[in-house]
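Let's take a walk through this model together, with the sequence open beside it. We'll begin at one pair of residues and work outwards from there.

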Amino acid sequence: MTGDPGIVIVGASLAGLRGAEALREGGYDGPLTLVGDEPYRPYDRPPLSKHVLAGELPPEATALPQQRPLRAHWRLGQPATALDRTRKAIRLGDGSEVPYTKLLIATGARARPWPGEGAHLAGVFTIRGRDDAAALRLALARPPKHVLVIGAGLIGCEAASCCRDLGVPVTLADPNPTPLARVLGTLVGGTIVECLRRADVAYRAGTKVRALMGEGGHVAGAHLHDGGLIETDCVIVALGAVRDTEWLAQGGLRADAGGLTCDAACRALTRAGDPDPDIGAAGDVARWPNPLYGGREMTVEHWGNAVEQAAHAARSLLRPDDPRPYRHLPAFWSSQFGINIKAVGLAEGADAVAIVQGDRAAQRYLAVYGRSGRSIAAVSFDQARWLPSYADRIAEGAAFPPILDATDQGRVEILAPGFPPARPGPAADERMREMAHV
Ligand SMILES: Cc1cc2nc3c(=O)[nH]c(=O)nc-3n(C[C@H](O)[C@H](O)[C@H](O)COP(=O)(O)OP(=O)(O)OC[C@H]3O[C@@H](n4cnc5c(N)ncnc54)[C@H](O)[C@@H]3O)c2cc1C
């Protein structure tokens, strides 16, 4: 025994697992402990709102492959409840303590619960974990008479798509004119509206749900802000996620509901603003100044970031003498209504969108977003072949539109992206300026 407690990772999911692998790959040979509040070994979340809901994959078949032997000690089914940086120890839910030499925080996020009346009624679901997906899958298999999905983001649209594949009537309610309006704009969001129409999903644009009401303890309907009522016996709340940072409240770090703030090398910042060289963070929970966006602080809740940032944060823990900035081009994929959507960059705030490949009417195309003459993001609908080339141009901050001589390119259409007005306040203005520098 060396007496060295070793490296502890809190959060045993994608970023936690990939971080553990990166530590071993980076030559770390000491004790390694993974703490997770779920009772399961790391599993993959993207299939939960796709194949698991559709009944194509049992929830227990989502385990993430372990890419190298970890020789780790697993403390599963135990939440970390407090961090004591002075004593370098984590307290767990059962009252025990886990000391650490170095710590990687990868506690991700949880689904934002229904904030209004009726949250605890039977038949109201969120989708974040394996158990959520299993419970919802069971309800869909019964099946319900009607499903109301609240929130037309990626997970809401994927859930609506699965419901229709199962033949269940669905209403999708969102305050915006199209799904994904803030992420991709209403022009591209219009493609999803078309998919919804063809799949017979009732899309209720401009709709805000006020309260859920029940009968005999089970959800029976949703009252809308405009006085309307949607009768339903199953509700999927898809309102985004809240970062899991409460356990850090007394830890002296810059942590709040928006994430744990890090420096560019993914080392947690103390309240005084200095990086703690012994604490790294990665994945959905980590907020860091991304050099690719002029140092704008961001959290990125996508799979690819969890993998890359975990490796980066692990390196920063192993090489405190050589911290390197984590430069990341956000990217995500989604599959819904039989279409594969892939996106790179941040489109929010774009002032133009160019259809550079394919055919929008056929819902098979690649669009590039521009702001102030620069290319800032791209999205493809079943047309991802050239996306990596556009991603490179976006990362370089190439002129908009980039690549005008591709072999299979027709006439390039330049259109208005149709973003809803930015939320007011200086933060939004600042965001726009930074994105212009991508
Ligand atoms: C339904 C769904 C579908 C998705 N689909 C896509 C997709 O198609 N494409 C894409 O790019 N991304 C997708 N994502 C996003 C992607 O899965 C996440 O970005 C990724 O899981 C983040 O990994 P993470 O390890 O940072 O966080 P998480 O996966 O959230 O893991 C954090 C872990 O820490 C645990 N934890 C939290 N607090 C504590 C604590 N105090 N103590 C101990 N453990 C704790 C949590 O229970 C969890 O197990 C999807 C996410 C969901 C939920």
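Start with Ser335, which stands opposite Asn340 in strand 25. This is a predicted model, by the way, so take what follows as a reading of a prediction. The pairing around that spot involves strand 24 and strand 25 (residues 339-345), which run antiparallel and are joined by six bridges. As a reminder of what such pairing rests on, strands of a sheet pair through backbone hydrogen bonds, either parallel or antiparallel.

Now zoom out a little. The open sheet here is made of six strands, in the order 24-25-28-27-26-29, and its pairing is antiparallel. At its edges you'll find strand 24 and strand 29 (413-415), each of which pairs on one side only. Averaged over the sheet, and ignoring direction, neighbouring strands are turned by 20° against each other.

Strand 29 also helps you place an unusual peptide bond. Pro401 sits in the loop between helix 6 (387-396) and strand 29, and the bond joining Phe400 and Pro401 is cis, with omega at about -10°.

Back to strand 24, since that edge strand leads us to the ligand. Strand 24 (331-336) is one of three elements that each supply at least two residues of the shell around the ligand; the others are helix 1 (14-25) and helix 5 (303-318). How many residues surround the ligand? The count is 32, and the closest are Asp37, Glu38, Arg45, Lys50 and Arg128. By type, the shell divides into 15 nonpolar residues, nine polar and eight charged.

Three of those closest residues are worth clicking on. In the side chain of Asp37, an N or O atom is 2.5 Å from an oxygen atom of the ligand. Arg45 places a polar side-chain atom 2.6 Å from a ligand oxygen, and for Arg128 the corresponding distance is 2.7 Å. On its own the ligand has 1000 Å² of accessible area, and the protein covers 94% of that.

Why does the ligand lie between two domains? Both domain 1 (7-110 + 242-318) and domain 2 (124-239) give residues to the shell, so the ligand lies between them.

There are some local backbone features to visit next. A cis peptide bond joins Arg142 and Pro143, with omega about -10°. Look for Pro143 in the loop between helix 2 (130-141) and strand 10 (147-150). Further along the chain is Asp200, in the loop between helix 4 (181-198) and strand 12 (202-204). Asp200 is not a glycine, yet its phi is positive, at about 70°.

Another open sheet deserves a look too. This one has three strands in the order 4-5-6, again with antiparallel pairing. Strand 4 (80-84) and strand 6 (97-99) each have a single partner strand, so one side of each is left without a neighbour in the sheet. The average turn between neighbouring strands of this sheet is 25°, direction ignored. Between strand 5 (residues 89-92) and strand 6 there are three bridges in the antiparallel sense, and Ala89 stands opposite Pro99 in strand 6.

Last stop: strand 21 and its pairings. Strand 21 (residues 275-281) pairs in the parallel sense with strand 7 (residues 102-105), over three bridges. Here Ile105 stands opposite Ala281 in strand 21. With strand 20 (residues 267-269), strand 21 pairs in the antiparallel sense over two bridges, and the bridge partner of Arg267 is Gly280. Strand 20 and strand 21 form a hairpin with five residues between them. In that turn, Gly273 has a positive phi of about 95°.

Definitions and conventions:
Residues numbered from 1 in each chain as written. Predicted model: local features only at pLDDT ≥ 70, side-chain atom pairs only at ≥ 80, totals over all residues. Heavy atoms only, no water. Near = heavy atom within 4 Å. Polar contact = N/O pair within 3.5 Å; in protein donor to acceptor, adjacent residues only side chain to side chain. Areas by Shrake-Rupley, 256 points an atom, 1.4 Å probe, with all protein chains shown as cover. Helix = DSSP H or I, 4+ residues; strand = E, 2+ residues; numbered from the N terminus. Nonpolar A, V, L, I, M, F, W, Y, C, P; charged D, E, K, R; others polar. Domains from an automatic or database assignment. Pairing = 2+ DSSP bridges. Axes fitted to C-alpha atoms, helices over the stretch in contact; angles between N-to-C directions.
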